[in-house]
Amino acid sequence: MTATRRLLTRDDLAPFAKAAVGPRRILASTTRLRGGSKKGAYRLTFDDDTTAIAYVWSADEDYWDAGAPDHRDPFSHGTGFDLFTAAHHRLTAAGVRTPRLLHADPTHTHLPAEAVVVEDMTGGSLEEALERDPVAGRAVLERLAAQLATLHAHEGPTFGKVALIDNGGASSASSCEQRVADGALRDLAEAAGRDARIAAVEDELAAGVRELAAAVRPRTRPYALIHGELGPDHVLLDADGNPALIDIEGLLYFDVEWEHVFLRIRFGPRYDALRVPGLDENRLRLYRLAMHLSLVAGPLRLLDGDFPRPGPMRAIAESNLLCVLDLVER
């Protein structure tokens, strides 16, 4: 989408906020939070200084412009009211902390989009906490590790998005590893079309993906409930420093190795606090290369559009591209 996007104002959000919290509190101001590329996140500040967060799903808020997703694909575009509410219900039932859902409106009654209001977590992000005080941040990482143990202990009957599987649906992919390998080859072709360094080693990388996929043996463990994109920026802290997971629409049942590959990439040297024994090394190797390719192709694709903060996306693509090249050289 290249046309000017219309983001929401206080006046736009006031009727929705009133429906969410009642008439006694007046919406004083709104702030659109930075970082989101799939939905709008707005901090709502009321006249009594209380706050809440509104999530809004609309075409103007989604910079990926991916079109209507097919949720039978475990990795289809992970955004939308239905995905969010299904994921929130599943996490709450599993005993995993996420901001409390205060109000949900799929009817477009007060906004020209589906939207929810959730609890505003006042402790900031885990990413900020780790930068501010690494020692105190370590204690939060240990709490997060306990949350992840609870999350991953919940199993699904098959793999796929929670919103699909919990309603009796089935994935369109034949296996987790086959879906990852197929996606890696597509991401490789996309990245090669946008960066000459990847293009120069495209054939070698394609052969590497196929070789790693061939080494994966049929699974013997259940499908775990995983977040899918859990970095320190997707963990917020409450007033007591307890972690809560956000950006949960991609919640799915899948190989737990996929979660740990992403955790290792995003937490870097701090990943040791989250490490667990018994993971399948062959799956980890395939998933690591596939994840790096995804984190090259995805940001480069986003940069083709009008995403307003290109610098961080360019940095994500570049750092993962260097990791891909490093894997080629090994």
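Which residues are buried in α8? In the first view, Leu205, Ala206 and Val209 are the buried residues of this helix, where buried means under 20% relative accessible area, exposed over 50% and partly exposed in between (1.4 Å probe, protein chains only). The structure shown is a predicted model, in which local features need pLDDT of at least 70 and side-chain atom pairs count only at pLDDT 80 or more, while totals for chains, interfaces and linings use all residues. Residues are numbered from 1 along each chain as its sequence is written, and side-chain values use heavy atoms, with hydrogens and water left out.

**View 1. Helix α8 and its buried face.** Helices (H or I, at least four residues) and strands (E, at least two) are DSSP runs, numbered from the N terminus. Helix α8 has 13 residues and reaches 18 Å from its first C-alpha to its last, close to the 18 Å expected at 1.5 Å a residue; the expected span is 1.5 Å times one less than the number of residues. Leu205, Ala206 and Val209 are buried in α8. Seen down the axis of α8, these buried residues fall within an arc of 105°, so they line one face of the helix; the arc is that of the directions from the helix axis to the C-beta atoms. The face turned away from the buried side of α8 carries the exposed residues Asp203, Glu211 and Ala214. The cover over the buried residues of α8 includes α6 (176-192), α7, α10 and α11.

**View 2. The crossing of helices α10 and α11.** Two packed helices are described by the angle between their axes and the distance between the axes. The axes of α10 (residues 281-303) and α11 (residues 310-329) come within 8 Å and cross at roughly 145°. Axes are lines fitted to C-alpha atoms, for helices over the stretch in contact, and angles run from 0 to 180 degrees between N-to-C directions. The crossing of α10 past α11 is left-handed, a term used if the near helix is turned anticlockwise from the far one by less than a right angle. Contact means heavy atoms within 4.5 Å. Among the residues that make the contact are Leu289, His292 and Leu293 of α10 and Met313, Arg314 and Asn320 of α11. By class, the contact of α10 with α11 has 16 nonpolar, two polar and one charged residues. Here Ala, Val, Leu, Ile, Met, Phe, Trp, Tyr, Cys and Pro count as nonpolar, Asp, Glu, Lys and Arg as charged, and the others, Gly among them, as polar.

**View 3. The buried side of helix α11.** The 20 residues of α11 should span 28 Å at 1.5 Å a residue, and its end C-alpha atoms are 29 Å apart, which agrees. Met313, Ala317, Asn320, Leu321, Val324, Leu325 and Val328 are the buried residues of α11. They cover an arc of only 150° around the axis, which puts them on the same side of α11. Exposed residues Pro312 and Glu329 are carried on the face turned away from that buried side. The buried residues of α11 pack against α7 (196-200), α8 (202-214), α9 (256-267) and α10.

**View 4. Glu257 in helix α9.** Glu257 counts as buried, at 2% relative accessibility. Not counting residues up to four places away in sequence, Glu257 touches Arg221, Leu279, Asp280, Arg283, Leu284 and Tyr287.

**View 5. Leu237 in strand β9 (residues 235-237).** With 5% relative accessibility, Leu237 counts as buried. Residues up to four places away in sequence aside, Leu237 touches ten positions' worth of neighbours that include Met121, Leu126, Val140 and Pro243. Leu237 and Thr220 are 17 residues apart in sequence and 35 Å apart in space, C-alpha to C-alpha.

**View 6. Trp64 in the loop between β3 (51-57) and α2 (81-94).** Residues up to four places away in sequence are not counted among the contacts of Trp64, which touches Ser37, Lys38, His77, Gly298, Pro299, Arg301 and Leu302. Between the C-alpha atoms of Trp64 and Asn242, 178 residues apart in sequence, the separation is 32 Å.

**View 7. Asp47 in the loop between β2 (40-46) and β3.** Asp47 is partly exposed, its relative accessible area being 46%. Apart from neighbours within four places in sequence, Asp47 is in contact with Arg25, Ile26 and Ala28.

**View 8. His108 in the loop between β4 (101-105) and β5 (114-119).** The phi of His108 is near 65°, a positive value in a residue other than glycine. His108 is partly exposed, with 42% relative accessible area.
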